[in-house]
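Q: Could you take me on a close look at the helix in this structure, and show me how it fits in with the rest of the protein? I'd enjoy a connected walk-through.

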Amino acid sequence: MTIATGSYIIATRRVVPAKLARGRTPGLPEISTVSISANPVQHRSESLARTEAERLARQEPGTEYIVLEVKGTVMSNDTV
């Protein structure tokens, strides 16, 4: 799947309080992870992506949804 330049995709950010996370680093109030689907929906406009992010946030309280604009992609065909 190719992600089109100029499209908008949604990432999720989940936050875990540091006291519950392994390997706690003193002074850090939380640890978070950001993830993007392997096959993200590509929205044609920022407003459509924001509307979808807001809908998802209502369904999953405590999860932050981040709207990202795709500025370009690069892929290598090299194999290791």
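A: Happy to. Let's begin with the side of the helix that is turned away from solvent: the buried residues of α1 are Ala49, Ala53 and Leu56. Looking down the axis of α1, you would find these buried residues within an arc of 65°, so they line one face of the helix. The spacing has a simple background: an α-helix has 3.6 residues a turn, so residues three or four places apart point the same way. On the other side of α1, Thr51 and Arg58 are exposed.

Please keep in mind that this is a predicted model. In it, α1 covers residues 46-59, which makes 14 residues. From its first C-alpha to its last, α1 reaches 20 Å, close to the 20 Å expected at 1.5 Å a residue.

Now for the surroundings. The protein has one helix and three strands, and along the sequence they follow the pattern β-β-α-β. Of the 80 residues in the protein, 20% are buried. Among contacts with a separation of 6 or more, 65% are between residues 24 or more positions apart. The protein exposes about 6300 Å², and carbon and sulfur atoms supply 52% of that area.

One of the buried helix residues, Leu56, also takes us to the largest pocket, which has a volume of about 190 Å³. Its lining is made up of 13 residues, and Leu56 is among those nearest the pocket centre, together with Ile10, Ser37, Pro40 and Val41. The helix α1 supplies at least two residues of this lining, as do β1 (8-17) and β2 (30-36). The largest share comes from β1, with three residues.

To finish the tour, let's follow the chain past the helix to strand β3, residues 63-69, where Thr63 lies. Thr63 has a relative accessible area of 12%, and because buried means under 20%, Thr63 counts as buried. Leaving aside neighbours within four places in sequence, Thr63 is in contact with Thr12, Arg13 and Arg14. Those three partners bring us back to β1, which spans 8-17.

So, back to the part you asked about: α1 has one face lined by its buried residues, has Thr51 and Arg58 exposed on the other side, and contributes at least two residues to the lining of the largest pocket.

Note on methods. Residues numbered from 1 in each chain as written. Predicted model: local features only at pLDDT ≥ 70, side-chain atom pairs only at ≥ 80, totals over all residues. Heavy atoms only, no water. Helix = DSSP H or I, 4+ residues; strand = E, 2+ residues; numbered from the N terminus. Buried < 20%, exposed > 50% of the residue type's maximum accessible area, 1.4 Å probe, protein only. Contact = heavy atoms within 4.5 Å. Expected span 1.5 Å × (residues − 1). Arc of directions from axis to C-beta. Areas by Shrake-Rupley, 256 points an atom, 1.4 Å probe, with all protein chains shown as cover. 1 Å grid on protein atoms, 1.4 Å probe; cavity = no way out; pocket = protein on both sides within 12 Å on 5 of 7 lines; lining within 4 Å. Points joined across faces, edges and corners; volume = space filled by probe spheres on them.
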